[in-house]
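Open your viewer and get the selection tool ready. We will go from stop to stop together.

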Amino acid sequence: LGDTRYGAIITANGGGYSFLKSAAQGRFLRFRSNAVPGDLPGRTVYLRDERTGEFWSNTWLPVRRPLDKAMYRARHGTGYTVVECEVSGIHTETTYFVPMGALYEIWRVRLTNRSAAKRSLRAFTYCEFASHWSLAQDTVNLQYSQNVVLGRWNGDLASIVSNPNLPPPESSHAYIGLAGAT
């Protein structure tokens, strides 16, 4: 996803990472190549039924719902990825994309209640931010880097600064926006 300045790699399970200009020296979303299970941490939207307590994620990972109780489907196109999920009559369609020329990515989530019951759902997002803007430093200093990321919300945008006390690259902010569910 992205263009010559902002790039994002994403898998069918929402795994992958994002970077500004360089995947080695401009990375701000973490991808742990030695993660068990693999393809984590990635980009996740968690959903929870407030009445029953049932919960799941918009992609098969990380919750790993049994496939006889959930449906997952992913498709990748030029500049976007769409992941669909259906659990207990709730259909989720998440589109991940980077607008042309933008230095941010958007996760657009659409929820549809296909059951006859009235539902009350709660949703929240998760991703892990890297530190030092460096693949090598982030890999060897995982425990340290989880304590030096500064994040602030501005409406529906999260402003993330990785290690704000170090000299920044050209831009020290990376943005991930979550559009309102429709």
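The tour visits some aromatic rings and then a threonine.

This is a predicted model, where local features need pLDDT of at least 70, side-chain atom pairs count only at pLDDT 80 or more, and totals for chains, interfaces and linings use all residues. Numbering starts from 1 along each chain as its sequence is written, and side-chain values use heavy atoms, with hydrogens and water left out.

**Rings**

The structure holds three aromatic pairs (Phe, Tyr or Trp rings, the six-membered one for Trp, with centres within 6.5 Å; planes under 30 degrees apart are stacked, over 60 edge-to-face, the rest tilted). Select tyrosine 17 and phenylalanine 19 for a tilted one, 6.0 Å centre to centre with 40° between the planes. Both residues are buried (under 20% relative accessible area; exposed is over 50%, partly exposed in between; 1.4 Å probe, protein chains only).

Now add arginine 27, which lies over the face of tyrosine 17 at 3.7 Å from the ring centre (the rule: NZ of Lys or CZ of Arg within 6 Å of the ring centre and within 35 degrees of the ring normal).

Next, pick tyrosine 46 and phenylalanine 124, a stacked pair at 5.1 Å centre to centre and 25° between the planes. Phenylalanine 124 counts as partly exposed because its relative accessibility is 49%.

**Threonine**

Finally, select threonine 59, which counts as buried because its relative accessibility is 0%. Show atoms within 4.5 Å, the heavy-atom cut-off for contact: leaving aside neighbours within four places in sequence, threonine 59 touches Ala12, Asn13, Gly14, Tyr72, Val83 and Tyr96.
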